[in-house]
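Please open the structure in your viewer and keep the selection tool at hand. The tour goes from one selection to the next and says what is there at each stop.

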Amino acid sequence: VAESHVLVAESQARIDPSHHIASHSSAPKLSKPSFDADEARRRLAQVVGDENIAASLNPASLEVAPASAEEACEVLRLAASEGWTVVPSGAGTWLDVGNPMRRADVIVSTRRMQRIIEHEPTDLIAIAEAGVTLDALNAELGRAGQWLPLDPPDDGRATIGGVVATGMSGAQCFGYGRPRSSVIGMRVALADGRIVKAGGRVVKNVAGYDLCKLFTGSYGTLGLILELTFKLKPRPMQTATIAASASLDSLFRSARAVLDARLLPVAIELLSSSAAARIGVSDEDAHPALLIRYAGMPETIAFQTAETAKLLRNAGATVISDASDDDEYWRKLSALPLDDENQLIWRASMKPTEIETFLNQTMRDGGSTSSSSSLWHAGVGDGRLRVMNPLMDDAVSCVASLERLRVQARALGGSFVIESAPMKIKNAIDVFDVPGASASLMQRIKHQLDPADTLSPGRFANQQAALTQTPNLC
């Protein structure tokens, strides 16, 4: 129905869950019974066992870890009957994503739901519970020479449920696609504990609405993802990465030359000098770097890398690395957003032809949201930019800078999302700021699937604004 940041299913977790329980100026106050943590613990222990319940960092909340879909549904039914709010969680790396939630009584973690239910190599499909980590799934699939080619922001902890729920992708989505393109089926528990099933075991199995794409990127606001079916790809025989350094203009010329040559890289990523140094590509502080990755047969890669090196040099770039053992580069790049030093993270997406213009505008804006010392990386082939800042200036100037960047992104036909920020920033700006038509659609979907506003209330501020006055859909 929409892109990953536009629709509102399960989240991973990041930073202190207590940071979420705050009021956003545009979010309505919905009346719910008060939450008695001691009584709730007693009731929940009857479902999952007391040893699987823990106090969260916020003393008013409880974290519950069911071991099966049945237990998860029973927890949701209990929460619905008691009027408790519920926040779905996976690995615990992105819980603060979105606008400040008004209340978070029970955090339902899928960390104990770790079964790989089925892997059928001949059909290139795998079915697994939401709490399986992406690393563990790919380790199992690798025995048959297959893999799930997703590279979200991850330091090894990401669960497949969290990856799909956030819909986030990384540098290699240029060659392999986003999470939404890999999911062909799922089971989801709604706020009242009912289970809905979408898709199935084959790619062409959807007649009508593709609910898999509805829940992908919905950030724990529509349901708790329990189980996922993926279409897989054969694991490439070899990968290789060429890295080059030059001025920003030269690297954009180099990237365009590679794209125009139809050499088919799986990733073509531009990195700030700080980001390049952080992942070990270069110690050079003066210039950004360009990473170009190929995957496939050794003979094909030999041709691709040789041609790429020629194009880079002709465009004025200096080749600084040609690595056949390049996995470490991309693992470190994926983990950058999860560094505890990063207090402000935002991303923008637009047409690939506009990314150079926007990046130059971003660098000129400077201020507290971007600078020459910022960590950032941009997908030249797919128009994606993520910026990470360890330092914060005053909130007023930061919010003003973010607003300007959002206006600039929209002027270029793109979108702008704040992935992580201190609460003082989130209280002053809508993290998603979904435009009118999409917001109205989101409100109606939310009202149909979660009319009591039980799941992650307030995460999408625009979605919640008219919740109580949204008419029922027939």
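Begin by selecting residues 298–314, which form helix 10 of this predicted model. Helix 10 has 17 residues, and the distance from its first C-alpha to its last is 24 Å, close to the 24 Å expected at 1.5 Å a residue. Within helix 10, now pick out I301, Q304, T305, T308, A309 and L312, which are its buried residues. If you turn the view to look down the axis of helix 10, these buried residues fall within an arc of 135°, so they line one face of the helix. The general reason such a face can arise is that an α-helix has 3.6 residues a turn, so residues three or four places apart point the same way. On the face of helix 10 turned away from the buried side, select E299, R313 and N314, which are exposed. Just beyond, helix 10 is followed by G316, a residue with a positive phi, near 95°.

What covers the buried residues of helix 10? The cover includes strand 12 (238–245), helix 8 (248–260), strand 14 (289–296) and strand 15 (318–323).

From that list, select strand 12 next. Of its 8 residues, 7 are buried, so strand 12 is largely enclosed by the rest of the structure. Strand 12 pairs with strand 14 in the antiparallel sense, over 8 bridges, and to see one end of this pairing you can display Q238, which stands opposite G296 in strand 14. Strand 12 is also joined to strand 15 by 5 bridges, and these two strands likewise run antiparallel; here the pair to display is S245 and, opposite it in strand 15, T318.

Move on to helix 12, residues 355–365, where I355, E356, F358, L359, T362 and D365 are buried. Which elements do the buried residues of helix 12 pack against? They pack against helix 8, strand 13 (267–271), strand 16 (344–349), strand 17 (375–379), strand 18 (384–389) and helix 13 (395–411). Helix 8 is thus worth keeping on display, since it is in contact with the buried residues of helix 12 and is also part of what covers the buried residues of helix 10.

The next two stops are loop residues chosen for their backbone angles. Most residues other than glycine have a negative phi, and most peptide bonds are trans. Select L124, which has a positive phi of about 55° although it is not a glycine, and which is found in the loop between strand 5 (116–120) and strand 6 (125–129). Then select L264, again not a glycine, with a positive phi of about 60°; its place is in the loop between helix 8 and strand 13. Are these leucines buried or exposed? L124 counts as partly exposed, at 29% relative accessibility, whereas L264 is exposed, with a relative accessible area of 65%.

For the cysteines, display C73 and C212. C73 is buried, with a relative accessible area of 4%, and C212 is buried as well, at 2%. The count of disulfides comes to 0, taking a disulfide as a pair of cysteine sulfur atoms within 2.5 Å.

Finally, return to the whole protein chain, which has 16 helices and 19 strands. Of its 474 residues, 57% count as buried. If you switch on a surface view, the chain exposes about 18300 Å², of which carbon and sulfur atoms supply 51%.

Key:
Residues are numbered from 1 along each chain as its sequence is written. This is a predicted model: local features need pLDDT of at least 70, side-chain atom pairs count only at pLDDT 80 or more; totals for chains, interfaces and linings use all residues. Side-chain values use heavy atoms; hydrogens and water are left out. Helices (H or I, at least four residues) and strands (E, at least two) are DSSP runs, numbered from the N terminus. Buried means under 20% relative accessible area, exposed over 50%, partly exposed in between (1.4 Å probe, protein chains only). Accessible areas come from the Shrake-Rupley method with a 1.4 Å probe; for residues, only the protein chains shown count as cover. The expected span of a helix is 1.5 Å times one less than its number of residues. The arc is that of the directions from the helix axis to the C-beta atoms. Contact means heavy atoms within 4.5 Å. Two strands pair if DSSP finds at least two bridges between them.
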